[in-house]
Each structure stands twice: as structure tokens, then as C-alpha cells.
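Good morning, and thank you for coming. Please look at the sequence and the structure on the screen, and I shall then take you through them part by part.

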Amino acid sequence: MALDIIGIPRSNFVRAVCMIAREKGVEYNLMPAMPHSDEVKAIHPMGQIPVMRHDGLELAESQAIARYIDDGFDGSPMIPRDPRAAALVNQWVSLTASSVDQLLMRRYVVEYAFHKDDDGNVVRSEIDKAIKRFPRMFAVLETAVAPGFLGSDAFSMADCFLVPILAAVRNFTEGEAALAGSPVLTAYFEKITARPSFVETAP
Ligand SMILES: N[C@@H](CCC(=O)N[C@@H](CS)C(=O)NCC(=O)O)C(=O)O
């Protein structure tokens, strides 16, 4: 039975779950749909993407979808079996999908890409507010990837949530500079973005 992932490929959360499916070797159909479209609202109460359909199951929320794909199919586990290692990966999935996403995607990338003033210009004051918080955020990430992967010495679900965010941030000047100024994070980014699961999910 086909697994449908519904949402647009440039969404960091959609890309995260697509990467996880590819890492597991799970075939899926990516069905393009915007947030708040009828198809999405039928599954997600707030109209957010991604949503998923598989064998009669309709599911919202990227972390729930990611864990369903991880637990429900063969392939390498995306969360370590050891409970302590798993706890740290879960911690970083949660932090990435909340605090990291909020600052780097919602307050920065989305602000640049979608929020314009009445004259069609970006709202510089909002971008500047976000940038002020970059040094602390990038310092946290620089330390978090020091074991080789995000909060771990092995590739995991947490990396699939983080790297699409870094890739989007790097498209804008201050984000590119912040990443370039973080050597450990840059090396990590280059390593993960070379994986087929990242390359093949390019928007
Ligand atoms: N908690 C949700 C967040 C997903 C999310 O923020 N998706 C964005 C696109 S990347 C969206 O649908 N934005 C529209 C909105 O929040 O109204 C999840 O993890 O799936």
C-alpha cells in the first residue's frame, strides 16, 4: 500500500519526513499541497504540512509521521535502540522542531521569503530581531553536532530535521555568514547534504 506524504517540498518539515522515508528505503508519493488547502485541513486540524496517508491511516505532525515511518517499516532505525542514546536524539528532534525551527525558519527564512510590508519590502526590523539571536543559536548547534551528528555519534532522525533548516537559512546573507562562521557545523552540514536522502529531496 503506497505511502502518501502531502505537502510542498520546500517545507523543511516535509523534507525531513521525506529524508527519513528515503533513509529507510520506504517508497512514498509526494503529493504537492499547500498549508491550509482542503486536502491538508482534512487531516491536520491546524492545516499544517506535512500530513500523511497510508493504508487507511491519516496522520498529521512531522514527528508523528517520522516515527510511524521509522517504526512501521524495515530499514535502519532512525532512533538508536539504546534508551539513553534514543533520549538524546529525541531531545534534539524536539528542540529542532520547536526552538530551532521557530527562530531560523519562522522568524528568519519565512520572514524574508513571505512577509512583506505595504510597499512589498521585507520587514527589516523583524529580520534584525532574529539575527540578534543567531550567535547563541549557532553556538548551541556548533556544540550539539560536535559528536559528528546532532546530539549523537551516528546519523539519526534529528539530522533529518536539522539539515533542511540549515539549507534554507543558508540561502540568505546573514544565515550563510552564520553557518560559515561555525566550522564544526559547516563540516557537519557538508557531510549530511552529501547523502542521497538530502540530494534527492531537493525542492
Ligand atoms: N508542528 C508541525 C509544524 C509544521 C509546520 O510549521 N509546517 C509549516 C510549513 S514548513 C506550515 O504548515 N505552515 C503553515 C502554518 O503554520 O499555518 C509539524 O511538526 O508538522
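The chain falls into two domains: domain 1 covers residues 3-72, and domain 2 covers residues 83-199. Please bear in mind throughout that this is a predicted model. Taken over C-alpha atoms, the centres of domain 1 and domain 2 are separated by 21 Å.

How many residues of each domain are in contact with the other? The contact involves 11 residues of domain 1 and 13 residues of domain 2. On the side of domain 1 that touches domain 2, helix 1 and helix 3 each supply at least two residues. The largest share of that side comes from helix 1, with seven residues. By class, the residues on this side of domain 1 are four nonpolar, three polar and four charged.

Let me turn to the ligand. The residues around the ligand are Ser-11, Asn-12, Phe-13, Pro-35, Gly-47, Gln-48, Ile-49, Glu-61, Ser-62, Gln-63 and Ala-97. Which helices each supply at least two residues of this shell? They are helix 1, residues 12-24, and helix 3, residues 62-72. Of the residues in the shell, four are nonpolar, six are polar and one is charged.

One residue of the shell, Ile-49, also takes part in a backbone feature. Ile-49 and Pro-50 are joined by a cis peptide bond, with omega at about 5 degrees. Pro-50 is located in the loop between helix 2, residues 38-41, and strand 3, residues 51-54. A second backbone feature is found at His-36, where phi is positive, near 70 degrees, although the residue is not glycine. His-36 belongs to the loop between strand 2, residues 28-31, and helix 2.

I now come to the packing of helices. Two packed helices are described by the angle between their axes and by the distance between those axes.

Consider helix 4, residues 83-114, together with helix 5, residues 124-132. Their axes are 9 Å apart, and the helices pack at an angle of about 150 degrees. Helix 4 is therefore roughly antiparallel to helix 5, because an angle over 145 degrees counts as such. The crossing of these two helices is left-handed. From helix 4, the residues Leu-103, Arg-107, Tyr-108, Glu-111 and Tyr-112 meet Glu-126, Ile-127 and Ala-130 of helix 5. This contact has five nonpolar residues, three charged residues and no polar ones.

Helix 4 also packs with helix 7, residues 157-169, at an angle of about 15 degrees, with 9 Å between the axes. Are helix 4 and helix 7 roughly parallel or roughly antiparallel to each other? They are roughly parallel, because the angle is under 35 degrees. Here too the crossing is left-handed. On the side of helix 4, the residues in the contact include Trp-92, Ala-97 and Tyr-108, while helix 7 contributes, among others, Phe-161, Leu-162 and Ile-165. By class, the contact has 16 nonpolar residues, one polar residue and one charged residue. Ala-97 has already appeared in this talk, among the residues around the ligand. Tyr-108 has appeared as well, in the contact of helix 4 with helix 5.

Finally, helix 7 has a contact with helix 9, residues 183-193. The axes of these two helices come within 10 Å and cross at roughly 105 degrees. Helix 7 and helix 9 are therefore roughly perpendicular to each other, because the angle falls within 65 to 115 degrees. Which residues meet here? Asp-159, Val-163, Leu-166 and Ala-167 of helix 7 meet Phe-189, Ile-192 and Thr-193 of helix 9. In this contact, five residues are nonpolar, one is polar and one is charged.

That concludes my presentation, and I thank you for your attention.

Notes: Residues are numbered from 1 along each chain as its sequence is written. This is a predicted model: local features need pLDDT of at least 70, side-chain atom pairs count only at pLDDT 80 or more; totals for chains, interfaces and linings use all residues. A residue is near a molecule or strand if its C-beta atom, placed from the backbone, lies within 6 Å of it. Helices (H or I, at least four residues) and strands (E, at least two) are DSSP runs, numbered from the N terminus. Ala, Val, Leu, Ile, Met, Phe, Trp, Tyr, Cys and Pro count as nonpolar, Asp, Glu, Lys and Arg as charged, and the others, Gly among them, as polar. Axes are lines fitted to C-alpha atoms, for helices over the stretch in contact, and angles run from 0 to 180 degrees between N-to-C directions. A crossing is left-handed if the near helix is turned anticlockwise from the far one by less than a right angle, and right-handed if clockwise. Two residues are in contact if their C-beta atoms, placed from the backbone, lie within 7 Å. Domain bounds come from an automatic or database domain assignment.
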